[in-house]
Amino acid sequence: MLEELQIARSELILGGQKSGKSRRAELLARRWLGQSPAHQTVLIATAQPWDEEMRERIARHQADRAGRVPGMRTVEEPVQLAQAVTSHSQPQTLVVVDCLTLWLTNLLMPAEKFKENKAFAHDPRAQIAMLLRAIENAAGPLVLVGNEIGLGVIPLGRETRVFVDALGRLNQDVAQACQRVTLMAAGLPLNLKGQA
């Protein structure tokens with residue numbers, strides 16, 4: 001499978017939980033690293049360890065990723081994603097963003113807002129617009145991972161419906177900005193846009 005993967009200027013990888021999204025991004029990163037000794041990879045992680053289960057999940061992902069893609073550097077940025085993409089994007093560096101869904105969660109439903117009852121300072125529309133510009137202006141290849149959660153039942157809660165709608169719009173906007181879009185299901189890629 002590794003031999004078949006081609007690196008696009010920008011690729012959005014969508015799918016459900018445990019569909020193979022991150023694995024595909026890692027395969028692309030390995031492919032990129034194998035093409036030249038000058039190539040580098042950076043993962044921009046958007047998850048935040050708000051509870052013990054999430055801390056364990058993050059540690060497991062880090063260990064798994066280190067085994068699958070040795071040499072991939074990790075940068076944590078839960079909110080200022082456009083700035084992180086811009087600062088790490090270089091012609092010889094493939095940047096992986098994992099994941100857009102958690103990033104949007106951090107913008108719309110930050111845990112500290114509920115824990116401390118503070119006014120929230122981030123403007124999601126402005127952050128998304130900056131991300132779209134960063135995708136367009138990326139100096140090197142960019143792989144973005146996100147969840148496709150709009151295929152299931154309609155959520156009961158208002159906040160959840162608002163989030164599902166916002167994520168659907170974000171996925172559409174990022175898909176328009178990317179050269180290639182891939183949908184993952186059961187570990188298999190389905191090309192939706194661009195050359196596979």
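**Note on the predicted model: strand β4 and its surroundings**

1. Strand β4 is covered on both of its faces, since T93, V95 and V97 on one side are all buried, as are L94, V96 and D98 on the other. The model under discussion is a predicted one, and the points below should be read with that in mind. For β4, which comprises residues 93–98, the count of buried residues is 6 of 6, so the strand is largely enclosed by the rest of the structure.

2. The strand has pairing partners in β2 and in β5. With β2 (residues 40–45), β4 pairs in the parallel sense over 6 bridges, and within this pairing T93 of β4 is the bridge partner of Q40. With β5 (residues 142–147), β4 also runs parallel, the two strands being joined by 4 bridges; here D98 stands opposite V145 of β5.

3. Residue T41 offers a view of the packing from the β2 side. T41 has its place in strand β2 and, with a relative accessible area of 2%, it is buried, because the cut-off for that class is under 20%. Apart from neighbours within four places in sequence, T41 is in contact with A29, W32, L33, V69, G71, M72, R73, T93 and L94. Among these contacts are T93 and L94, both of which belong to the buried residues of β4.

4. The end of β4 deserves a separate look at the backbone. The peptide bond that joins D98 and C99 is cis, with omega at about 10°, and C99 lies in the loop between β4 and α4 (100–108). Most peptide bonds are trans, which is a reason to inspect this one in the model. D98 itself is buried, and it is also the residue that stands opposite V145 in β5.

5. Positive phi values at residues other than glycine form a further point for checking. K18, in the loop between β1 (10–15) and α1 (21–35), has phi near 55°, and at 66% relative accessibility it counts as exposed. A186, in the loop between β6 (180–185) and β7 (188–193), likewise has a positive phi, near 55°, and its relative accessible area of 77% makes it exposed. As a general background, most residues other than glycine have a negative phi.

6. As to the overall fold, the chain comprises 7 helices and 7 strands, which follow one another along the sequence in the pattern β-α-β-α-β-α-β-α-α-α-β-α-β-β. Where contacts between residues at least 6 apart in sequence are considered, 76% of them join residues at least 24 apart.

7. The dimensions of the chain are consistent with a globular arrangement: for 196 residues a compact globule would have a radius of gyration near 16 Å, and the chain, at 16 Å, agrees with this. Along its principal axes the C-alpha trace spans about 50 × 30 × 30 Å. Buried residues make up 42% of the 196 in the chain.

8. Finally, the surface and the charges may be noted together. The accessible surface of the chain comes to about 10,500 Å², and carbon and sulfur atoms account for 54% of this area. There are 23 positive and 20 negative side chains, and the centres of these two sets lie 2 Å apart.

Definitions and conventions
Residues are numbered from 1 along each chain as its sequence is written. This is a predicted model: local features need pLDDT of at least 70, side-chain atom pairs count only at pLDDT 80 or more; totals for chains, interfaces and linings use all residues. Side-chain values use heavy atoms; hydrogens and water are left out. The radius of gyration is taken over C-alpha atoms; the globule rule is 2.2 Å times the number of residues to the power 0.38. Buried means under 20% relative accessible area, exposed over 50%, partly exposed in between (1.4 Å probe, protein chains only). Contact means heavy atoms within 4.5 Å. Accessible areas come from the Shrake-Rupley method with a 1.4 Å probe; for residues, only the protein chains shown count as cover. Lys and Arg count as positive and Asp and Glu as negative; His and the chain ends are not counted. The place of a charge is taken as NZ of Lys, CZ of Arg, CG of Asp or CD of Glu. Two strands pair if DSSP finds at least two bridges between them.
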